[in-house]
Each structure stands twice: as structure tokens, then as C-alpha cells.
Amino acid sequence: MCARLPGGQRGGARLVLSHQAWARRLRVLAHRGERAEAVERLGEYAGLYAELAADRHGEAQGWMLRGRLFHQALTDAIWAVNVGHAVITLAEKETGDLAAVLPLLEALEQAALEARDVLTGQGHLASNYTAWLNATGVAAGRAAAAVRGTSWEGAGCWLEGEHGLYAHLRVAVADDGWEWEGSTYYHGFVLRAALLALRSTAPSALPADVVGVPAGMTDVLAAVATPGGVLPALHDGPYRRDALGLEWLELIALARQSVPSDALEAVADRVRAELGDADDALDRELGGWFAGPRSRHRGLTPPRTHPLASITWLGPAASNPALAYRIGGDPADLAESVRWIEAASRLPHWGRAPMPDHDLDAGWLLHHLALALRWIGNDLPDDVAALLRYKLLIQGRRLYDFAVASEGRWWSSSYWQNHNWICYAGLATAGYVLGKEEWTERAKSNLATVLEVMPEDGSHAEGVVYWRYGVPFLAIHLDLLAEAEGVDWWDRGGFMANTFGYRLHQSAPGFALTIDHGDCHDRRSGHSAGLYYRLAAQYGIAEAQWLGDLASGELLWAEAEHSGVRPGILPEAYLEYLWYDPAVVAARPTATRAFFPDLGLLAARTGWDADATAVSFKASPGGGHRAWETSAKHRAELGHETLNQGHHHPDSGSFVLLSGAAHLAVDDGYSNRKRAEHHNLLLVDGQGYADEDRYHVYEGIPYLRQARQRDVLVGDEEGWAHATAEIAAMYDPALGVGRLDRTLVFTPAGRLVLLDLAESDEPREWTFLLRTDRPTEEHGDGTRLIRSGDATARVRRLAPDEASVRTGALEVAANPTSSTPELRLTRTLHTLDVTTPACRAGLFLTAITPDAACPVAGAEVAEGHGVRFADGEESVFLSPVARRIRGEGLSADAAAVLLTAAGAPYVVAATRLELAGRVLLDVTDPYTGKVG
């Protein structure tokens, strides 16, 4: 298996593994938008192949099917498949820089054809080599066609032909689903090759005698996997190693798109935990691999015992086919629903310790199985209907009793928490279906409180992920109440009417990704098309209808495959059907600036196109102002602890910056031990927030430890945005921090200006923090460059002149759910820390420009602080405390003066503005907005 390179057999073997790893790395680079490096490496390989692989390998042993670059043709094939798929992914965006790779692709396809002819001529159509040679032909051929800009015409040779993939699967896989060698590894080896070869092929388009083969092979792996996610190594196979784990993750990511399996999800969770930092996350980039929808129902096996992971998905597995049967009357849908009803009803408990029967699993299943009983109860077999009704009564009573017993603690009274909304919506659904008024009345009383205490601006401190996970259940409960009791509470409190605006403005450019403040499993888990449709229907929100169409169309499969939140968007199909109102006319968003005062959240962007630049900047008490104040009253008057905002990070004063859907200045994602240093924030003597480094950083802290935003400008007409976050109260009082104010300005061109002003009663070291996905690059002019995919931004420190700079990395790890203890999410933050010498008054003036070519400099002013961009289009002048700005041709009593070359000036908290000798503003009360 050695390559045509020096080093002896052992060194050659290592070299082979290195080249295979690099071929996989090319795919990672292609998917992540790191195009320049991917194209460069492909060009190097094209030259290497032309030089070394003109003929079959002369050093291969006689028994081998000889390769060209490597001894064995199989080794060539595995390497070539990765190369081909890297090119296909790159070609989806452009092809102009790929012409040099075309000879390589043509040579790889021809070599695979010659090797397959030799192999099948020897009667080895069933060999696992044949699977990989066919996968090579598909990958190289499709890639070459993509580079040429022509349609691929190789299906007749590589898929449908006499020796193609379909013919191979017919003879290599038995009726029981096992690949003929009976080895777990080689079974998966062949299945992975087949799934890779079927890229852009609709599973439904496979021949009738082949369409079930990948599903059957997947079922075999699911059947032999242990509940803990272990695949037993039956017969021949390699030792466990990182590369093998990555192969299993890839297989599972592809298989779930055609034949999803809960058992294999447990395998994936285990492998990912074992890999740790060695996980390159390629499997999370492979969404939309096949054309068309996945195979209907196939591959899902109801569990006989409680899985190790969450069982929330069992609910929609029963309710969706129940609704389909109610609508269409297909007996297959009724039978499918019965399978899942019986499985869920026979489990002794819903949810694993430490939360059996009284948390999210119970809430989800009560809701969905009660709906199933409502929709198809009369058509269920008598024994199944009786079992289901009995199980709902048992589980509903358990959940109700827990809610009563735990009032004032945990989710029973956690009005701002997704657990509260989901569990009470589940209890209400079961209560209405079963006629249990005590359940529905308690749930109704809770809902009334939730609607009254949720912020009117629609913001949610838990973040986008838990918004899309929890808010649908508030809508569900409101509809249940309206249908069962004729009570319309949709306009009660204001949260529901305004919450779509919050979600919209936390969208990354292009809408596929999110702005991930708070606990977020990933940057994709953000869409609930059903909820968008319901809000559109209720309030006539054209943008919600538009985003619902986008999420249920163009973005659907990527969201379904990449989202780390389960069950995810596909099981919400029943909501899309019930909540879609075709009378609502869809319209793209237009407003590019928004401020949500309760959460102190400022969101601004240059536009709604995929290449836009966006920023999100926040500061508030824990849970937001209303939650903080109301929970304090509950504590004082009732002795209840109602806040429970463990998903809210210590992030007041931090920001997230994106450009072209790439995250430039990033948040930390999900964290169990939350710290300020994980965010784009400031440290005082190396310390973050007081009482941090725990899950719920706002629990038990003094009421006066609050952050807030002031001096907010949202100038949508010409694109300015401005706010000042006051965060001094969040730090340990022993540090004596009297002021720590961060002012953020977002310009019409998408540039960022940050002014940090700090004061303390003793000299302190002040540290400015910037967190990125990749290390920043130092440049000779003193700037640093942020790279993320194809996007870049330049960071210019304008003050202070004297500071120490340190770079490094932080790993943030979390288990997002106690229902799956072994699940571990990790994110690596690359750090840039700038620290002043000890002083009583610290100051940072920083500019971050996504248009990295535009230089920036400090503007000379006698009072205040100024920044000018070299193109002369934009200037920023700040004085957030003294509110006096004096410079050449400029005199203002204001917190900020914001100027463009052609537009009218904008001011913040201004009483007077004089420009070029002309008094443009002279008022008594501070004014914020456009002047003139």
C-alpha cells in the first residue's frame, strides 16, 4: 500500500495515511470556504499524479490489484473519491480556478475503469474493491463534468452498467442486509462507498431491487450496535483509531439522510466523544447529499427499551403519520403511527434519570401522543387505544404531580424557560384530550403568567436555539386554548406579536446560520418553519411567511442534517401543515436595524443579501430586564425562585460580527462553565464577571448587579447604529471598578468602532478580548487580520499605544442535556488579548473593518475620540461620558457625532451640533437621531 515516494515500507505506510488524511482535509477546506488552500493543494496533487502515476505501480506485489500513485488500486480509489468530492464542492461556487485539476480527474476516472475491468474480468464483481472503484468513477466523473460546466453522463458506466454500483450491490449484499464478508468494518466500508457514489441521486430513483439495499445495510448496523453506541468488531477489521471514527461519522451522516436510525445516532455521539479534538466535523457539512426526500419511514426501528439518549422524537414519529392518516386515509400511515404509539406506551418511564417522567421527554410525548389519540383514536385497534389512553393518564398524572410539588422551583415556575413552556403545553394537550380539567387549568394559569411576564419586545435571553425549540410550544398552547375553550390570548402581553422580529434579526447573512448568543448547540439550529407560518398567519407578518418558505424549501435539508437540536425541523411537518396560511403574502425583510430594549440587544446589518455584514451587541441583567425585576419580586413576595436562566451567558457588553455568512468575531456556543473570557469582552486584572465559571451565572447574585444599554441609535434610513453598554456592576466589587462602558458604532458600510472606557479606585490591568474561529494574523502595519471562510476583517488598535498582546486558544466544552450524559459539544476559540499596564483609567479605541483593504486612523480632536476611514466616506466622533466633542470644524455637546461624506449627520444624546461654522442643532433636551 506504499506510495511512490521514499521512506521504506513503514515510512511509506505512514505517508499513505498522510495522503489519505490530506485528501479528506481537501473536502473539509472546500466545505468551509477555505478555497485558496484547497485549490492550491489540488494543483500540487495534479502535478504529482502526472509525474508519478503515468502507469500502474511497478513495486506492487503480484497478488495486488495494482494502483498508480499507491501500490493498490483500492488505496488509489479511497484517495481519489475524496479528491473528486472536494472538487465537486468547490465547483458548486465557481470553476474558473479548477481547470488545472481537470487532467487529474480524467486520469483518475480512466485508472478506476481499467482497474475495475481487471477485477471484474477475474470474476470479482462482489469485491469491496469494486464498490470503491465505482465510487471513484462517479466522484471523478462528476467532478470533471462540474469543472467543464456540462452535465454528468457517467451513470450508465458507474451506476447502472454491467459492472456498476447497482450490479455490485445485487451480488455483494445478501437478503438479510449483510455484505457478504460478514465483517462489521467491511460492511460499513462498502456502504460508505455506495452512499458516496450516490451523491446528487434521488434514493427513489434507484432500481426497485436496489433501493432497499442501503436501507437494509443501515438496518444491520443499527441492529448490531449496542445501546451505548458501540459497533462490535465482527470478523476482520482495523483497530479503533481516529481515522476509523471519522469514517463512521461520515457514513452515519450520509445514511441518516436516506434511512435515519436512532441506534446509529448513538454510535455517532459515542464516536464524536471519543474523537474529541480529532473530530474535523466533515460529517456536519454533508447535508443535501442526495436529491429529493429520504426514504419514507424506512430504517427507523421503535425501541423496546428506553434509549440512552432523549426520546422526544418518539412523539412526532407517532403524530405525523397520524395526521397524514387523518388527512389522506392511507392505511400505511395508520400502521406507522401504531408502531410508534405502541413503542412509546410500553416504556415504563418517559425520560431517564435524573429526570424520569417530569421533564422534556414527558412534555413532548404527552403532546404528540395525545394529538395522535385525538386524530386517529377511533381507528386504532382497541387494545392500542386502551394502552395509549392509560399511558397518557399515567404520564400526565406524574407530570402534573411534579409541577405541583415543585412549584416555586425548577420548570414549574420558570416562566422564561423552554422547559416550562414545553411541559405545560404537553400537560394541556393531554388534559384537553382526556378531559382532565385540573391539568388544563394549571397549565392555563401558568400560560397567563408567562404571557404577562415575557418581554413585550419579543426577545429571548436563552438565545435562538432555545427560541426555536421552546416558543413553538407557546403557540401550540395558545391554539389549544382557543380551540378547546374559545379563549384568544394571542395578543396578551405583546411577546408573541413581536418575537419574530427578534428571531429575524438574529439571522446570519444568507439565513442558513444564526447569531449565536446564549447556549447554542451550533450555528445552524435556528429554524422552525411551522412557527414562522403561525406568526405570519396570526399577525399578518409578510417576512415571517417569507422566511417560512425559505426554511421549508431551500434551507430545509441542510437545517435537518446539520442541526444539533433534536428532534429538529422535519418532525415539525405537522405544524407546517396546520399553521400555513396561503393568504399571507410573503415579502423579504427590509429593515436592517433593530433594538430590543429588554435584552439590551442591538442588531444591525448592511443588508439582507448573503454577502452582507452584520453585528449583534447586547447588555442586560440576567434573563433581561423584565425577568430580572419580576423574579426578584417573586423571590421577595412568594419565596419562589423563578429565573432559572442557565442558558444566558455572562456576555453583557460583548458582540458578534459576521460577514458573508462567516462568523468573524464569535461567541462560545454552548457552555456548562460560563465565563466572560469566552466572549468578546473585557477583563479586569485578568478576572471576568463576579460569580462566573458555573452553569447559571446569574443565580444568587445581588439584585444591583445589572448591566444595561444606553444612548441607543437605530438609524435605519442611512444605516448607523450606536449603543453604550454599562457593565462595571458585573465585576467583583473588590476590584473597585467604577466605570466600564463599551460604546459600539456600526457604520453604513458595515465597519465597527469600539470605545472602551474604564475607571477603578486602584490601578488595574485592563484586557480587551477578541474571539475568532481561526487565529488572527499579525501584519507589519500593526493590524491583525481575521479570516473565516472567504471573509476577512482587519482589526486596528488606535488606543492605547502601550499594551501587551497575547494570542492562544480556549476550548469550551458542554453537555447540553442530562438525558444524554455522554454527549459532549466542543468549540475552540482562538484568542486575541490586549492588556494595558496597570492604571486607574483604561481606554481602548478599536476599529474592525470587514473591507480589510480600507485603512483607518484616529482623527485629531481636542476633546473626545475620533476615527476616520481612509476612503473619506465615514467618520465617527465619540464622547460617551463627558459629552463634549471638539475638533477642526466640529463642535458638539453630544455622546456621538456620526458623519458620512454625502448624508446628513447623526448624533447621540446631543444638545448642540456645529459643523463648519454652522449651528445645526441647539436644544435643551438631549436628542438622538438624524440632524437636518
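**Figure 1. Strands S10 and S17 pair at the heart of this legend's view of the predicted model.** S10 (residues 752-764) and strand S17 (residues 839-849) run antiparallel and share nine bridges. One bridge sets Leu752 against Ile848 in S17. S10 also pairs with strand S9 (residues 737-746), again antiparallel and over nine bridges. Here Leu744 has Leu754 of S10 as its bridge partner. Strands of a sheet pair through backbone hydrogen bonds, either parallel or antiparallel.

**Figure 2. The eight-stranded sheet is open and antiparallel.** Its strand order is S7-S8-S9-S10-S17-S14-S13-S12. Strand S7 (708-715) and strand S12 (777-778) form the edges. Each has a single partner strand, so one side of each is left without a neighbour in the sheet. Strand S14 (residues 791-799) pairs with S17 in the antiparallel sense, over five bridges. Val795 stands opposite Ile848 in S17. Ile848 is also the bridge partner of Leu752.

**Figure 3. A five-stranded open sheet has the order S1-S2-S3-S4-S5.** Its pairing is antiparallel. Strand S1 (593-596) and strand S5 (662-665) are the edge strands, and each pairs on one side only. From one strand to the next, the twist averages 15 degrees. Strand S4 (residues 655-659) is joined to S5 by three bridges, and the two strands run antiparallel. In one of the pairs, Leu658 has His663 of S5 as its bridge partner.

**Figure 4. The largest cavity holds about 110 Å³ of space.** The whole structure contains eight cavities of 30 Å³ or more. Sixteen residues line the largest one. Closest to its centre are Ala73, Asp76, Ala111, Ala112 and Ala115. Helix H3 (73-91), helix H4 (102-121) and helix H5 (128-148) each supply at least two lining residues. H4 gives the most, with five. By class, the lining has nine nonpolar, two polar and five charged residues.

**Figure 5. The second largest cavity holds about 80 Å³ of space.** Eleven residues line this cavity. Pro203, Leu206, Val211, Pro214 and Ser258 lie nearest its centre. Nine of the lining residues are nonpolar and two are polar. No charged residue takes part in this lining.

**Figure 6. Ser183 sits in the loop between helix H7 (165-172) and helix H8 (184-197).** Ser183 counts as buried because its relative accessibility is 1%. Its side chain places a polar atom 3.2 Å from the backbone nitrogen of Tyr185. The backbone nitrogen of Tyr186 also lies 3.2 Å from a polar atom of the Ser183 side chain.

**Figure 7. Leu275 belongs to helix H11 (residues 262-275).** At 9% relative accessibility, Leu275 counts as buried. Its C-alpha atom is 9.3 Å from that of Ala243. Along the chain, Leu275 and Ala243 are 32 residues apart.

**Figure 8. Two cis peptide bonds precede Pro567 and Pro800.** The bond from Arg566 to Pro567 has omega near 10 degrees. Pro567 lies in the loop between helix H22 (556-562) and helix H23 (573-579). The bond from Ala799 to Pro800 has omega near 5 degrees. Pro800 lies in the loop between S14 and strand S15 (804-814). Most residues other than glycine have a negative phi, and most peptide bonds are trans.

**Figure 9. Asp693 and Ala909 have positive phi values.** Neither Asp693 nor Ala909 is a glycine. Phi is about 60 degrees at Asp693 and near 50 degrees at Ala909. Asp693 lies in the loop between strand S6 (682-684) and S7. With a relative accessible area of 29%, Asp693 is partly exposed. Ala909 lies in strand S25 (residues 906-915). Ala909 counts as buried, because its relative accessibility of 8% is under the 20% limit.

Methods
Residues numbered from 1 in each chain as written. Predicted model: local features only at pLDDT ≥ 70, side-chain atom pairs only at ≥ 80, totals over all residues. Heavy atoms only, no water. Pairing = 2+ DSSP bridges. Helix = DSSP H or I, 4+ residues; strand = E, 2+ residues; numbered from the N terminus. Axes fitted to C-alpha atoms, helices over the stretch in contact; angles between N-to-C directions. 1 Å grid on protein atoms, 1.4 Å probe; cavity = no way out; pocket = protein on both sides within 12 Å on 5 of 7 lines; lining within 4 Å. Points joined across faces, edges and corners; volume = space filled by probe spheres on them. Nonpolar A, V, L, I, M, F, W, Y, C, P; charged D, E, K, R; others polar. Buried < 20%, exposed > 50% of the residue type's maximum accessible area, 1.4 Å probe, protein only. Polar contact = N/O pair within 3.5 Å; in protein donor to acceptor, adjacent residues only side chain to side chain.
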